[in-house]
Amino acid sequence: MKRIIAALLLAVTLVGTLVCCKGGDKPTNETAAPTGEVTEGETEAPGPTADPRYQFDGKVSEEVLCHYLSRAVTIASRNIEEWNGQNGFHIKQYILNTGAKYIARANDAWCFSKDDDDRWGIQKTFIDEMHETDPDIVFEACIFENVWRWGVEAVAIPEFVFEAFDKEPEERNFVYQDMLFKNKAYVNHWGTDQSVPDITQEETQMFFYYRATRYIDAGFEALHLGQVNLMGEKDKNWECFTKLVNMIREYAAEHARRHFVFLNAHTHGITDSDGILMFDFHMYPSRPAPAKGQKAHGPSEDFPQEAVFEEGYVDSIYGKSLGGVTYSGWECDSLPYMVELDNFGGVNEGEFFKPNRGSIWIWGLDEISWFGSQPEWYREEFLEYAVDWIAEHSDGKGFFAMPAQREARLYAESGECLSLMYYGYSQEFFGVANNDELLVKRLWAKMEREGR
């Protein structure tokens, strides 16, 4: 009975906020000074650190990296205003209450624009304030496989970007057309005037470098570079991506708060043209599979749409994370990786509520939509299962990013769409949330007691 009452309360609060019809949309998947001045030949300490497990400066050890990934959470924010006011309070509350250390997708701009460029001060203020409370927290920003004409061409190129590419500075904005594949591949791939950029084009490299430096100056210490295999389709021996990544790392070594930036992307692994692993860890969708023997049905309090993980399921990363020598200098047979509950359109009409195996759509939904639609008791059970299964099948080098905020389509058993967003915050402060903050806090507290 308690489960039924809880489910009804959640449905009522969600219906009262955002309502949609069952259906799938196409996926829409001022430079601040560094926080400390470092004179030549000196290295400034990052300040007081509450926990020695999270110390790094200039490079990161495998042990520290794994500690960060074990306390990772996804707070996907495409609107910077979400880090201001009341919603900023919920984000801060979640991070401090759970003890999260790695905040994935904190800037999740898919269609980057001048508006985003002008408002990074909001996030810089938030990050600076959070670091006063917990200096260990790492915030991640994203540079995706999408360029939007009207966003790109409104941004002026500063002198330092021209100079970084050994070019004479000039007064002009970025040029969208100069970022595209010359053979017209992936033009308008994401919609009108939204295309996959070609990393072999210098204009693309300049744009990505510009954004990376802006994020670093705003206090972000991690960057997610999206579908690098798609953007690097023409990048022979990964020469262009290697050049770009090296430039970003050089900028971080001078300007980042701890002289380092965590780099990751949606890949099983890339060895760059210098012979080292391009990224510090790998990031991938979690790819849950419908449990065997299930029949089509909607999610309900007594009958969740059950899911499991399996090695070799579709394009999952399990057992496939490439090893090698890292930028920080240590070697591994398999690079540590993190998986997340990904979003990529909400719902697939043809598979809706069907336990079709062999599809990236889990029960006909994207990953976060499926998860957020399940009853609370099953969400808690699944989170613990995910953490344990991934660790067991990766020799402790695989990690699961806890969900906190993401675009989603949350459904009732009837097939009615209840909400366009998944919020994992505490209902005590946020009525349309679902209390998963408390589930994560309990799970991580248990892991702490067990020494992991």
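This is a dialogue on reading the features of one predicted protein model.

Biologist: What should I know about the model before I start?

Modeller: The model is predicted, with local features needing pLDDT of at least 70 and side-chain atom pairs counting only at pLDDT 80 or more, while totals for chains, interfaces and linings use all residues. Residues are numbered from 1 along each chain as its sequence is written, and side-chain values use heavy atoms, with hydrogens and water left out.

Biologist: How many helices and strands does the protein chain have?

Modeller: Helices (H or I, at least four residues) and strands (E, at least two) are DSSP runs, numbered from the N terminus. Here the protein chain has 13 helices and 16 strands.

Biologist: What share of the residues counts as buried?

Modeller: Buried means under 20% relative accessible area, exposed means over 50%, and partly exposed lies in between, with a 1.4 Å probe and protein chains only. In this chain of 452 residues, 58% count as buried. The accessible surface (Shrake-Rupley method, 1.4 Å probe; for residues, only the protein chains shown count as cover) is about 18,100 Å², and carbon and sulfur atoms account for 50% of that surface.

Biologist: How many disulfides are there?

Modeller: A disulfide is a pair of cysteine sulfur atoms within 2.5 Å. By that rule there are zero disulfides. Take Cys-66: the nearest cysteine sulfur belongs to Cys-332 and is 9.4 Å away. Cys-66 is buried, at a relative accessible area of 14%, whereas Cys-111 is partly exposed, at 26%.

Biologist: How do I read a sheet?

Modeller: Strands of a sheet pair through backbone hydrogen bonds, either parallel or antiparallel. Two strands are taken as paired if DSSP finds at least two bridges between them. One open sheet here has seven strands in the order β7-β6-β3-β2-β1-β15-β16, and its pairing is mixed. At the edges stand β7 (262–264) and β16 (417–423), each with a single partner strand, so one side of each has no neighbour in the sheet. From one strand to the next, the twist averages 25 degrees; axes are lines fitted to C-alpha atoms, for helices over the stretch in contact, and angles run from 0 to 180 degrees between N-to-C directions.

Biologist: Which pairs show the mixed pairing of that sheet?

Modeller: Strand β15 (residues 402–411) pairs with β16 in the antiparallel sense over five bridges, and Tyr-411 has Cys-417 of β16 as its bridge partner. By contrast, β1 and β2 run parallel and are joined by three bridges. One of these links involves Ala-72, whose bridge partner in β2 is Tyr-102.

Biologist: Is β2 covered or open?

Modeller: β2 is mostly covered, with six of its six residues buried. Arg-105 lies in that strand and is buried, with a relative accessible area of 2%. Its phi is near 60 degrees, a positive value in a residue other than glycine.

Biologist: Which helix lies across this sheet?

Modeller: Helix α3 (residues 85–98) lies across β1 (72–75), β2 (102–107), β3 (138–142), β15 and β16, and runs at about 125 degrees to β15. Contact means heavy atoms within 4.5 Å.

Biologist: What is the order of the sheet of three strands?

Modeller: That open sheet has the order β8-β13-β14, with parallel pairing. β8 (282–285) and β14 (398–400) are its edge strands, each with a single partner, so one side of each is left without a neighbour in the sheet. Four bridges join β8 to strand β13 (residues 337–340), and His-282 has Tyr-337 of β13 as its bridge partner. Helix α12 lies across β13 and β14, at about 170 degrees to β14.

Biologist: How do I check the length of a helix?

Modeller: The expected span is 1.5 Å times one less than the number of residues. For α12 (residues 376–392), 17 residues should span 24 Å, and the end C-alpha atoms are 24 Å apart, which agrees. Its buried residues include Tyr-378, Phe-382 and Trp-389. Helix α8 (residues 202–217) has 16 residues and reaches 22 Å, close to the 22 Å expected.

Biologist: Why is α8 described as largely enclosed?

Modeller: Of its 16 residues, 15 are buried, so α8 is largely enclosed by the rest of the structure. Gly-219 follows α8 and has a positive phi, near 105 degrees.
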